[in-house]
Amino acid sequence: MQLRSALLACALVGATGLVTRAEEASRFRLAGWEVEQAIPRPDLDGAGPLKPADFGLAAFPVSPLVAEVNNPDDEAPETVQAPPVPQPTEADFAAMPDDPPSLVEAGQPDPAISAERVAQQLRVLLARPGGDRALQQGFNPFYAGRAYQPLFVREGIISERGQQVLNRLARAGEDGLDPSAYRIDLPTGPRNAESVARLELALAQAVARYASHASGGRTDPKRLSGYFDVAPPRIETAVALGALAAAADVSAAIDGFNPPHAGFRALRAKLIEMRGERREMSTTEASRLHALRERDLIANLERWRWLPRTLGETHIWVNSPDYHVNVVREGQVVHRTRAVMGRPETQTPVFSDAMSFIVFNPSWHVPHSIVRRSMLSSAARNGGYFAHRGIQVMQGGRVIDASTINWASANIGRYSFRQPPGTANALGRMKFMFPNRHAVYLHDTPSRSYFAHSNRALSNGCVRVQNPEELAELLLGIALPGDNWSTARMRSIYGSGERTVRFRQAIPIHLVYFTMTVDATGKLVELPDIYGHNARVRAALTGMRG
């Protein structure tokens, strides 16, 4: 079943400081309704007294996951193509005996509602021609693989495994998720194999929805910002249900649907800690402000769910609000250097890739977007602008005299722009490449003064590195062990000709955006929301249910 998802190159010599945008900040300021929704409220305040027997249960689970109305999301169309499953014939269904009425009342186990009879009804619901196609596509592959034997019910009531599922989903708030999204619809009418089969499917749907949200998030990143180029790794329905079927510890299996990363786990622990602190606060205003910080933290947990499940035993970690490049090996930061990131109007995008080579003495092939945005008006006023900046203008593979072109009316698509290698080259002595559609990479820079700034959102999208030689020596030692790439060897090839050194093994790189992290001492570190991404995600999560 498709689960609801809601809501929705590079360095330039002479770049100026950060451009502030008051209107952008105002756009993402918290509204009053968002503040109100930031305060969690008891889940069942309005519910009247209910008896377990009213729903054919021996006892209520210790869970707020009982819904009294249908959730329209449960009937959302499914787009995932399930593998073909042999379809039963009408004769098969006609041969099924009629289901007898329940022999035991008051919500006690009823041996007459056997696993076999529930399996027959599950087969009817999930495999009968003309049935609910979305439900069948989402759940038939799993249940057909186990001959439609139920997983969460036994003898007409919720089994111990089903109770464990409800108890863990009730704590979804600890994961930064919304527990109300995983409520189940209890069947109405007489208790028989059909109603119990529907109860089984309601529990399966709650598990599938939680698995999707926990593993891949509740939002669609690409609808929030064009700078989010991620594909959240959602756990599929059959995989999630299979994990619970095989699990000795159901709660641990459900917890495993969440990201395995230490950074996520540390932030989640902080969320639980913060909620405990808020319960001790004496004033409503203090509680509200604390709840807003919790909302920020939950937005960061959401973005952790967008990352690959495996980051790489050795990987490069670039967090834009942190303005640093880290190299991580076996969970430990082994190198850290300052970085200059993209400006708010030319942001460093969010995506994962793999670094595969380094270019020494690089030429800078100036993107047309940068020419239009930052150079064309100056060239129109001064014909010698490109020559002064050391930029060659080329047409048909030949360098031309840029001063002869009327840049006020020229079609720059007919030209290419290149700054040859040299001490003044915008990319410095080297660039670290992971080819991508954004044309961004890490590189050296002759503009060293920017690294002294506390606010280093100053580039055109690429990441300028303060200590590129140290970074290159470390990465080449990892990617080309035994080749002895020392700083002295690198300096020996500095000059006018490009030199590409390819890795034998690519190194994963993650360009991320986290405004809250937990440091090595366990302290929560809060960073500025330089691009407004946290506000966007927070607003999306606040304005949705499930």
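The exchange below concerns helix packing and burial in a predicted model.

Colleague: Which conventions apply to numbering and to the values in this model?
Modeller: Residues are numbered from 1 along each chain as its sequence is written, and side-chain values use heavy atoms, with hydrogens and water left out. Because the model is predicted, local features need pLDDT of at least 70 and side-chain atom pairs count only at pLDDT 80 or more, whereas totals for chains, interfaces and linings use all residues.

Colleague: At roughly what angle do the axes of α11 and α12 cross?
Modeller: Helices here are DSSP runs (H or I, at least four residues), numbered from the N terminus, and their axes are lines fitted to C-alpha atoms over the stretch in contact, with angles from 0 to 180 degrees between N-to-C directions. The axes of α11 (residues 262-279) and α12 (residues 284-304) come within 10 Å. The two helices are roughly antiparallel, a term for angles over 145 degrees, and their axes cross at roughly 165°.

Colleague: Which residues of α11 does Glu294 touch, and which of them shares a polar contact with the side chain of Glu294?
Modeller: Glu294 lies in helix α12 and is buried, with a relative accessible area of 2%, where buried means under 20% (1.4 Å probe, protein chains only). Not counting residues up to four places away in sequence, Glu294 touches Leu271, Met274, Arg275 and Arg278, contact being heavy atoms within 4.5 Å. A polar contact is a pair of N or O atoms within 3.5 Å, of which, within protein, one must be able to donate a hydrogen and the other to accept it, and residues adjacent in sequence count only if both atoms are side-chain atoms. Such a contact, of 3.4 Å, joins the side chain of Glu294 to that of Arg275.

Colleague: How are α12 and α17 oriented to each other?
Modeller: The axes of α12 and α17 (residues 533-542) come within 9 Å and cross at roughly 95°. Among the residues that meet are Ile298 and Arg303 in α12 and Val537 and Leu541 in α17. Since angles of 65 to 115 degrees count in this class, α12 and α17 are roughly perpendicular.

Colleague: How many of the 12 residues of α5 are buried?
Modeller: The buried residues of α5 (residues 133-144), including Leu135, Phe139 and Tyr143, pack against α4 (115-127), α7 (193-216) and α9 (237-246). At the N-terminal end of α5, Asp132 forms a cap, with a side-chain oxygen 3.1 Å from the backbone nitrogen of Ala134. Helix α5 is largely enclosed by the rest of the structure, because the number of its residues that are buried is 9 of the 12.

How values were computed
Angles under 35 degrees count as roughly parallel, over 145 as roughly antiparallel, 65 to 115 as roughly perpendicular and the rest as oblique. Buried means under 20% relative accessible area, exposed over 50%, partly exposed in between (1.4 Å probe, protein chains only).
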